[in-house]
Amino acid sequence: MRKAIDGLAAIVRENFHMNPMENNLFLFCGKRRDRLKALYWEGDGFILLYKRLEDGRFQWPMEADDVKDITPQEFRWLMEGLSIHQPRPCES
């Protein structure tokens with residue numbers, strides 16, 4: 001979790017072969033899974049967000065192959081320390 005904007009943007013470009021200046025929010029989690037950084041391009045510059053959970057861990061995938069798109073609702077769950085895989089209500 002030592003990387004700042006330039007280092008995280010380089011990871012997006014080099015490791016994931018994506019453009020960090022597209023309309024995406026890129027999330028990075030530390031080894032202990034209690035800290036998360038988010039990188040977002042706002043058209044004229046980057047925004048870097050940092051969140052540390054005081055109690056608990058982010059429900060974060062452990063394998064690089066688990067990189068995926070998430071919905072805004074799944075992002076909210078993640079920020080609350082919940083799993084992005086919430087049970088769906090049964091349809092009657």
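The exercises below, each with a worked solution, concern a predicted model.

**Exercise 1.** Determine how strand 2 and strand 3 pair, and describe the connection between them.

*Solution.* Begin with the ranges: strand 2 covers residues 35-41 and strand 3 covers residues 46-52, and the two pair in the antiparallel sense over seven bridges. As a particular instance, tyrosine 40 has isoleucine 47 of strand 3 as its bridge partner. Then turn to the connection, where four residues stand between the strands of this hairpin, and where glycine 43 in the turn adopts a positive phi of about 100 degrees.

**Exercise 2.** Establish which polar atoms and which residues surround the side chain of lysine 37.

*Solution.* First place the residue, since lysine 37 belongs to strand 2. Next consider charge: lysine 37 is buried yet has no salt bridge, the nearest side chain of opposite charge being that of aspartate 34, 12 Å away, whereas a salt bridge requires a separation within 4 Å. Then look for backbone oxygens: that of methionine 1 is 2.9 Å from a polar atom of the lysine 37 side chain, and that of lysine 3 is 2.5 Å from a polar atom of this side chain. Finally, leaving aside neighbours within four places in sequence, the contacts of lysine 37 include Leu8, Phe26, Phe28, Leu48 and Tyr50.

**Exercise 3.** Locate histidine 17 and decide whether this residue is buried or exposed.

*Solution.* Histidine 17 sits in the loop between helix 1 (5-16) and strand 1 (25-29), and its phi, near 55 degrees, is a positive value in a residue other than glycine. Histidine 17 counts as exposed because its relative accessibility is 68%, and the cut-off for exposed is over 50%.

Note on methods
Residues numbered from 1 in each chain as written. Predicted model: local features only at pLDDT ≥ 70, side-chain atom pairs only at ≥ 80, totals over all residues. Heavy atoms only, no water. Pairing = 2+ DSSP bridges. Buried < 20%, exposed > 50% of the residue type's maximum accessible area, 1.4 Å probe, protein only. Lys, Arg positive; Asp, Glu negative; His and termini not counted. Polar contact = N/O pair within 3.5 Å; in protein donor to acceptor, adjacent residues only side chain to side chain. Contact = heavy atoms within 4.5 Å.
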